[in-house]
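User: I'd like to go through the contact between the two domains of this protein. Can we start with the charged pairs?

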Amino acid sequence: MLSSRGSNNAQLHKIPWRYALPHKYSKETNPEGMISFALAEHAPMRAEIANYINTKVEFNVASVAYTSGNNAIHRLQKAVAMHLNNLLDPIAPIESEEVIVASGATAIGSMLGFTLAEPDEGILISRPAYGRFELDYGVEAGVQMVYSDTTVEEAFAPSVVEKYELAVRDARARGVQIRALMLVNPHNPTGLCYSVQTLTEILKFCNKHQLHLISDEIYASCVFDSGDPDAVPFTSILSLSTPKLINPDLVHLLYGFSKDFASGGLHLGFLITKNKPLRHSCNAILRLHSASTAAVTIGTTILEDHDFVRNFTAKSQQSLASTYRIATSTLAREGISYIKGGNAGFFIYIDLSSYLPKDTSDSTSPPEFTLAQKFVDAGVFLHPCEEHGNIPGWFRLVYAQEEDVLREGLRR
């Protein structure tokens with residue numbers, strides 16, 4: 001027998017298409033294998049980061065000891081603070097003690113759900129939205145994501161706060177208290193960045209309702225020249241969140257190694273917050289989500305090597321710009337619409353609504369499931385219904401692939 005929490009979580013594996021199919025394609029060894037366009041990982045840069053680790057990282061006794069017995073965490077906190085001060089240009093410099101080190105941004109999401117909200121309370125987010133936040137904040141903490149009914153255009157306009165107001169009101173009518181608002185900037189799944197005007201209105205909205213603002217900026221370095229003159233440059237929430245706009249204790253930033261450093265398997269993430277009670281609470285549950293000292297050693301070595309970080313970031317941005325152009329030119333040639341203005345992240349939000357099955361007699365199964373199965377039959381995977389958009393038929397396509405993989409997947 002399981003607890004109610006255990007029983008509910010066990011049912012997650014029974015939800016159709018909840019979990020992505022693995023990538024198995026190899027041009028040399030498995031040319032018929034599945035190509036997955038679902039996993040947000042910068043595949044071309046993995047070899048470079050692995051080579052750096054193999055040649056530059058030196059493990060010592062502290063790398064396999066409890067962190068409480070050495071200064072490894074403090075050294076990493078200092079390196080993270082310096083890196084993010086250079087990258088994000090915050091209004092108030094990030095201090096090392098404001099950095100919580102955990103086993104990835106996913107772990108931090110769970111910790112924030114646990115510390116900021118009660119079970120069945122809500123975190124507000126606009127549509128479309130990365131679907132796995134439901135798991136990050138829900139599996140352990142039992143917190144639900146509450147979606148504001150926005151189109152892409154509405155989500156990035158300053159007037160989005162009007163939609164947020166409606167969502168807060170409707171949630172309260174259902175008995176759901178909203179505790180926080182979540183942003184992903186640069187955005188997943190659209191690849192867009194929020195304007196200064198929109199971020200300013202969102203800060204004022206959160207301060208008005210005394211909502212915590214969680215800004216997931218895990219793609220902060222994955223910003224590139226897409227060639228689109230209308231693309232909005234990236235602006236960190238920490239570069240705008242003055243005390244005049246919002247109580248600093250309400251602003252919390254997520255960052256990690258999985259995207260900017262192409263190392264999702266390293267499981268190294270950071271929470272940046274000036275909220276001391278929140279830091280104390282998170283530190284209390286870090287025993288469940290702490291990063292390994294081996295990962296701490298690797299992360300510290302990378303961030304302290306400023307020349308490597310600068311060169312790696314430049315190469316990563318060039319790679320993303322190249323594969324973005326391949327993907328968008330292919331979509332344009334095939335007459336497939338997608339969200340324009342993207343200049344960040346690993347993905348394009350594409351409109352495949354015209355390819356949905358016309359026979360909708362089976363109302364129990366979304367038409368996206370049928371289309372996704374056709375893709376799988378052809379050897380390519382796109383995750384259906386995962387971004388929670390208002391309009392059926394939109395899919396997230398991850399283009400951050402090796403060029404031969406990308407071209408073969410697009411061909412299929």
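User: How many salt bridges are there between domain 1 and domain 2?
Analyst: The count is 2 salt bridges between domain 1 and domain 2. Bear in mind that this is a predicted model.

User: What does Arg18 form a salt bridge with, and how far apart are the closest N and O atoms?
Analyst: Arg18 pairs with Glu134, and their closest N and O atoms are 3.2 Å apart.

User: And polar contacts, how many residue pairs across the interface?
Analyst: The rule finds 23 residue pairs in polar contact across the interface of domain 1 and domain 2, counting pairs with both residues at pLDDT 80 or more.

User: Which elements give two or more residues to the domain 1 side?
Analyst: Those are α11 (306-334) and β10 (347-351). The largest share comes from α11, with 8 residues.

User: How do the residues on that side divide into nonpolar, polar and charged?
Analyst: The side of domain 1 that touches domain 2 has 17 nonpolar, 12 polar and 7 charged residues.

User: Back up a bit. Where are the domain bounds?
Analyst: The domain assignment gives domain 1 as 4-47 + 309-411 and domain 2 as 58-305. The contact takes 36 residues from domain 1 and 41 from domain 2.

User: What area do they bury between them?
Analyst: About 3,400 Å², with 56% of it on carbon and sulfur atoms.

User: Which residues in domain 1 lose the most area to domain 2?
Analyst: Val309, Asn343 and His388, which together make up 21% of what the domain 1 side buries.

User: Last one: what distance separates the domain centres?
Analyst: Taken over C-alpha atoms, the centres of domain 1 and domain 2 are 24 Å apart.

Notes: Residues are numbered from 1 along each chain as its sequence is written. This is a predicted model: local features need pLDDT of at least 70, side-chain atom pairs count only at pLDDT 80 or more; totals for chains, interfaces and linings use all residues. Side-chain values use heavy atoms; hydrogens and water are left out. Domain bounds come from an automatic or database domain assignment. Contact means heavy atoms within 4.5 Å. Buried area is the accessible area (1.4 Å probe) that two parts lose on being put together, summed over both. A salt bridge is a side-chain nitrogen of Lys or Arg within 4 Å of a carboxyl oxygen of Asp or Glu. A polar contact is a pair of N or O atoms within 3.5 Å; within protein, one must be able to donate a hydrogen and the other to accept it, and residues adjacent in sequence count only if both atoms are side-chain atoms. Helices (H or I, at least four residues) and strands (E, at least two) are DSSP runs, numbered from the N terminus. Ala, Val, Leu, Ile, Met, Phe, Trp, Tyr, Cys and Pro count as nonpolar, Asp, Glu, Lys and Arg as charged, and the others, Gly among them, as polar.
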